[in-house]
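Visitor: Could you walk me through this model and explain the terms as we go?
Guide: Gladly, let us look at it together.

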Amino acid sequence: MAWIYLSIAIVFEIGFALGTNATKGFTRLWPSVFALLSAAGGIFTLSLALKTLDVGVGYTIWTGIGSIGTVVLGALIYKEKIAPVKLASFAAIIGGVVLLKIAAGI
């Protein structure tokens, strides 16, 4: 169940990051509401996942996969560029997540 909670937390994390960009400095109401609810949902579901997972593993996966999702969706939604350096960074993050899961014995 912890991995399901962590997956939900990652979706909220991506929503928070993308929503924050849409707030234009928290001057737009509905994107601001979305960003704040996403942040709260992400922290809540992360806390549920961390009841079982090690904090180092859970938090790192949450931020790492959340970062990758944010960059990919940022490219699709906001037309941001994905350079080869970003692709290499994705590979490093994914490699780190896999090693963390191995180290945690999961």
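Guide: Helices here are DSSP runs of H or I with at least four residues, strands are runs of E with at least two, and both are numbered from the N terminus. This is a predicted model, where local features need pLDDT of at least 70, side-chain atom pairs count only at pLDDT 80 or more, and totals for chains, interfaces and linings use all residues. Residues are numbered from 1 along each chain as its sequence is written, and side-chain values use heavy atoms, leaving out hydrogens and water.

Visitor: What is the helix content of residues 84-104?
Guide: That span is 95% helix and 0% strand, with its end C-alpha atoms 30 Å apart. Residues 57-78 are 100% helix and 0% strand. Both spans carry the annotation "transmembrane region" in an unreviewed UniProt entry, as do residues 29-50; such annotations may be inferred rather than shown by experiment.

Visitor: What span is expected for helix α4?
Guide: The expected span is 1.5 Å times one less than the number of residues. Helix α4 (residues 84-103) has 20 residues, giving 28 Å, and it reaches 29 Å, close to that value. G105, which follows α4, has a positive phi near 75 degrees.

Visitor: Why are α1 and α2 called roughly antiparallel?
Guide: Their packing angle is about 155 degrees, with axes 7 Å apart. Angles over 145 degrees count as roughly antiparallel, so α1 is roughly antiparallel to α2.

Visitor: Which residues make the contact?
Guide: Contact means heavy atoms within 4.5 Å; among them are F12 and G15 of α1 and F34 and G42 of α2.

Methods:
Axes fitted to C-alpha atoms, helices over the stretch in contact; angles between N-to-C directions. Parallel < 35°, antiparallel > 145°, perpendicular 65-115°, else oblique.
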